[in-house]
Structures are given as C-alpha cells and as structure tokens.
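Please work through the exercises below with the sequence and the model at hand. Each task is followed by a solution in steps.

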Amino acid sequence: MEELRIVAINGMLGYGYEFASLQAGMDQQPHLVGGDAGSTDPGPYYLGSGTSLVKREQVRRDLSYALRASRAAGVPMVIGSAGMGGGNPNLAFVREILLEEAREHGLHFKLATIPSEIDKTVVLDALRMGRIQPMPDVGPLSEKAVRESVRIVGQMGTDPLAHALAQGADVVLAGRACDTAIYAALPISRGYDAGLALHMAKIMECGAQCALPLAPNDSLLGVIRKDHFLIRPLAKNRTVSPESVAAHTMYEQGDPLVLYEPEGNVDLSASEFEQVDARTVRVSGSRFIPAPRPTIKLEGARSIGFRAFTVAGIRDRTVIANLPVIEEAVRAAVRRNLGTHVSDASFGLQFRAYGRDGVLGTLEPERDRIPHEVGMLIEVVAQTQELASYVLSLARSSFLHCPFPGRKTTAGNLAFPFSPSDVQAGEVFDFSVYHLMETDDPLGLFPIHTEQV
C-alpha cells in the first residue's frame with residue numbers, strides 16, 4: 001500500500017473529543033482507529049484497586065461513538081491499557097461497557113481481548129536469573145516486593161496487537177500496553193519502516209496534544225508512507241507546526257534524541273520536521289535500532305495502608321512563619337496521646353503547606369519566604385482506616401490549638417472549608433514493581449482471547 005491512515009480518537013479514552021473531529025477522520029477512510037485508555041500518571045491506585053480514573057459514563061461516551069463509526073466503516077479499532085491500570089479488573093470494566101454498547105446498537109464483530117497481568121512466578125524466575133533491571137531512579141527489585149504485589153502487569157509492545165489484527169479481530173481490547181504499540185502495530189506488521197511507525201505512534205498517542213491549540217481531548221490523523229509520515233489535526237480550528245510536532249516527540253522522554261520501546265530504540269538524531277500545508281507536518285529520517293533482546297516494562301502495585309486527610313487554610317503570617325515549630329509540636333502531641341500501644345511503624349503523618357512548599361517540598365527555592373496565605377494538607381496513612389482517622393483527629397485538633405512563639409490569640413490556627421473536616425480516603429497503594437524484564441517470548445506473555453460479539 002502506498003500509505004496507511006490511522007485515526008487517534010483522543011489522548012485518553014474518557015477525556016472526550018469532538019464527534020465532528022472523529023467523523024472527519026473517518027471521512028479519510030482510515031485503516032485503523034485507536035485509543036489509549038490508561039497511564040501510570042495518576043499513580044498506582046488504579047492498578048492496585050482495579051478501578052478506573054475516568055468514570056463509566058466518560059468511557060461509554062467516548063467508546064460508543066468510536067465503536068459505531070469504526071464498525072460502519074469496516075475498519076478495526078484498537079484500545080490499549082484498558083481501564084487505566086491495564087489489570088484484569090480494569091480490562092473487564094471496559095469489556096463490559098463494550099458489550100453493552102454492542103447490544104444496544106446491534107453491532108456484530110470479532111473481539112480480541114489481550115490480558116497483560118503477569119504471573120508472579122514468571123517474575124520471580126526472571127528475577128532469580130538476573131533478567132530484571134530497575135527503571136531510572138528505582139532500586140533493585142526484591143522477591144518480597146513481588147510477593148506483596150496485588151497484581152503485576154507487563155507493558156506489551158506491538159506483537160500481541162499485530163497478531164490479534166492478523167487473526168481478523170475487528171476490535172482489539174488490550175490490557176497494559178505501550179502507548180505507541182496501539183498505533184505502530186498495524187503499520188509495522190504491514191512492512192512499513194519501524195522507526196517511522198513508532199515515531200508517528202509516539203506523537204499520536206496523546207491525540208491532538210501536538211496541535212495548536214493543544215487538545216488531548218480531540219482526534220488526530222497519522223498517515224505513514226514509505227519514507228515519511230504526516231500528522232494532521234482533525235478539528236478545523238487546529239493546526240500543527242514543525243515545532244509543535246517536534247516538541248511532542250520529546251514529551252515524557254528522558255533523552256530528546258531516543259525513543260525507548262520494547263522492540264528497540266528509535267534514533268531521532270536525523271529526524272526532519274517540515275510544514276507541508278497550513279495544517280499538516282511531514283516527518284522523516286527516524287531510524288529504528290532493534291534491541292538485542294526484547295524487554296517488557298513491569299508495573300506492580302501493593303497496598304500500604306489506608307489514608308485519612310484534612311484540608312484547611314491559614315492566613316496569618318505569624319502562624320505560617322512558625323509552621324515548622326507547630327508541625328513538630330503536633331507530632332509530639334500525637335505521639336503522647338497514642339501511647340505505647342501504637343507503634344511508629346503503624347502510621348505515617350505528613351504536612352503539606354501549599355503556597356509555601358507543598359509542591360516541591362525541601363527542593364522549593366523560596367521555602368523561607370513567608371507568604372500571606374497557605375493551604376495546609378494534613379495526611380495520615382496507617383495500617384487500618386480506623387487508625388488513620390484516629391491519628392488524623394489527634395493531629396488536626398493539636399494543630400488547631402497549638403501554641404507557638406509570638407502567638408497573641410486564643411482562637412484556632414486553621415480555617416476549614418468543609419464540615420466534617422476529616423476525609424476517609426480508603427486504601428493506599430504504591431508501586432512495588434517498576435522494572436524492565438528481558439524476555440525471549442514477548443508474544444507468549446500476552447495470550448489473545450477471541451470471541452464473536
């Protein structure tokens with residue numbers, strides 16, 4: 001084929017998009033419609049809990065129109081990282097919505113579902129063989145961390161998706177997947193240059209975020225040819241420039257000249273970005289370097305307790321100047337009130353002063369500047385929800401009435417925007433696994449299940 005045309009629904013399934021934009025993409029007679037439905041950006045909770053950041057009605061709205069449009073056109077639709085975390089419960093959540101929409105609109109299609117959960121024994125075997133390495137700024141993986149994980153997923157590359165399409169799937173619903181795999185699987189399987197395909201996919205995975213004005217909640221068209229690809233937004237009010245497309249190439253990348261993928265690396269040092277017309281950019285020169293051995297990124301989440309928190313405002317420079325003193329006094333008061341039957345290891349108490357250093361913490365360069373107002377977040381993570389709420393209540397009341405040098409009032413130190421002030425936030429997870437695993441069989445880790453819907 002002279003060219004392959006692919007439409008990205010948006011940057012995240014559930015974030016919304018203009019129906020007119022997607023329809024403009026369908027008018028281009030695309031060969032595939034794709035959508036990314038997950039990320040680790042919102043943290044480990046959604047993998048650990050098996051729930052979705054975007055709500056059911058958001059997913060239904062985005063999925064329904066795209067499903068109907070792709071089936072009417074007779075082209076496959078690929079959804080990757082289903083349900084945010086990509087675990088089996090996340091995958092089941094999106095599959096259920098998909099089947100509901102099929103029933104409601106009388107749709108018939110071949111569905112391929114590709115789970116991405118990796119058995120812990122597989123991970124432990126690879127760990128013992130020295131085939132697991134940490135991601136940057138992550139420590140070595142331990143067997144304890146693997147066993148404590150609620151679930152572990154692998155970020156699949158292009159092979160499982162390409163095989164599902166080759167088996168005649170009309171709709172592919174995948175667990176955790178590389179964002180690029182959603183859009184690169186078909187062109188690579190059809191013989192297009194892997195470097196160009198992966199580079200194009202990197203730009204497409206965020207929808208129209210490379211456009212001006214940027215819009216992760218809108219659709220984008222990618223057209224790949226023998227020696228270049230084209231990027232074009234599908235909303236009439238958006239355009240792209242060489243600068244905007246090049247900038248998005250570097251989005252979330254540690255190295256501006258290299259894209260790292262399971263299959264290998266894409267060398268961007270010779271990439272060229274050219275304006276073709278008012279709304280289209282042409283990209284060429286990207287070069288694929290195969291990996292000696294494929295690697296799969298593993299993501300695992302474990303439960304670390306339960307959270308309770310409160311938010312309050314402070315608008316007194318004397319209180320703000322004495323926050324370190326107050327925080328230390330509150331910690332001591334909480335410790336005294338808990339007594340010896342509650343150990344320090346059973347809970348953690350944190351303070352964040354937004355407006356002073358709530359975002360950067362000790363890295364904040366203006367930490368010693370006294371602002372006129374701060375928002376105080378008091379957070380407790382403990383072994384049980386009851387203990388978290390108990391410790392928070394102690395901390396909140398101690399903070400509210402804590403004395404400090406220079407205090408002239410007997411009223412409270414905090415202004416609460418809500419009643420009740422304390423929030424029980426439920427279970428808390430952290431990333432127990434965030435590592436690369438070498439594998440000789442990247443396809444075998446991700447079984448493909450097909451069914452006629």
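The exercises that follow concern a predicted model and treat helix pairs, salt bridges, backbone geometry and a surface patch.

**Exercise 1. Determine how helix 3 and helix 4 are oriented to each other.**

Solution.
1. Locate the two elements: helix 3 covers residues 56-73, and helix 4 covers residues 88-105.
2. Their axes come within 10 Å and cross at roughly 50°.
3. An angle that is neither under 35 degrees, nor over 145, nor from 65 to 115 counts as oblique; helix 3 is therefore oblique to helix 4.
4. As to handedness, helix 3 passes helix 4 in a right-handed crossing.

**Exercise 2. Describe the salt bridge between Glu101 and Arg60, and state whether its partners are buried or exposed.**

Solution.
1. The closest N and O atoms of Glu101 and Arg60 are 2.7 Å apart.
2. Glu101 belongs to helix 4 and Arg60 to helix 3, so this pair ties together parts that are 41 residues apart in sequence.
3. Buried means under 20% relative accessible area. Glu101, at 3%, counts as buried, and Arg60, at 18%, is buried as well.
4. Both residues also belong to a network of salt bridges that links Arg56, Glu57, Arg60, Glu96, Glu100 and Glu101.

**Exercise 3. Find which parts of the chain are tied together by the salt bridge of Glu3 and Arg225.**

Solution.
1. In this pair the closest N and O atoms are 2.8 Å apart.
2. Glu3 lies in the segment before strand 1 (4-8), while Arg225 lies in the loop between strand 8 and strand 9 (229-233); the bridge therefore ties together parts that are 222 residues apart in sequence.
3. Glu3 counts as buried at 18% relative accessibility, whereas Arg225 counts as partly exposed at 26%.
4. For the wider setting, the whole structure holds 34 salt bridges.

**Exercise 4. Determine how helix 8 and helix 9 are oriented to each other.**

Solution.
1. The axis of helix 8 (residues 179-189) comes within 8 Å of the axis of helix 9, and the two cross at roughly 150°.
2. Angles over 145 degrees count as roughly antiparallel, so helix 8 is roughly antiparallel to helix 9.
3. The crossing of these two helices is right-handed.

**Exercise 5. Identify where the backbone shows cis peptide bonds and positive phi values.**

Solution.
1. Recall the general expectation: most residues other than glycine have a negative phi, and most peptide bonds are trans.
2. Leu212 and Pro213 are joined by a cis peptide bond with omega of about -5°. Pro213 sits in the loop between helix 9 (194-204) and strand 8 (220-224).
3. The bond from Ser419 to Pro420 is cis too, with omega near 5°. Pro420 is placed in the loop between helix 13 (385-401) and strand 18 (422-438).
4. Positive phi values occur at Ser81, near 55°, and at Met84, near 85°.
5. Ser81 is in strand 3 (residues 77-84), and so is Met84. Ser81 is buried, with a relative accessible area of 0%; Met84 is buried at 1%.

**Exercise 6. State which residues make the nonpolar surface patch of about 450 Å².**

Solution.
1. The patch is made by Tyr354, Val359, Leu360 and Leu363.
2. Tyr354 lies in strand 16 (residues 347-354).
3. Residues of a patch need over 30% relative accessible area; Tyr354, at 40%, counts as partly exposed.

Conventions
Residues numbered from 1 in each chain as written. Predicted model: local features only at pLDDT ≥ 70, side-chain atom pairs only at ≥ 80, totals over all residues. Heavy atoms only, no water. Patch = residues over 30% accessible without salt bridge, like charges linked within 9 Å, V, L, I, M, F, W, Y side chains within 5 Å. Areas by Shrake-Rupley, 256 points an atom, 1.4 Å probe, with all protein chains shown as cover. Salt bridge = Lys/Arg side-chain N within 4 Å of Asp/Glu carboxyl O. Helix = DSSP H or I, 4+ residues; strand = E, 2+ residues; numbered from the N terminus. Buried < 20%, exposed > 50% of the residue type's maximum accessible area, 1.4 Å probe, protein only. Axes fitted to C-alpha atoms, helices over the stretch in contact; angles between N-to-C directions. Left-handed = near helix turned anticlockwise from the far one by under 90°.
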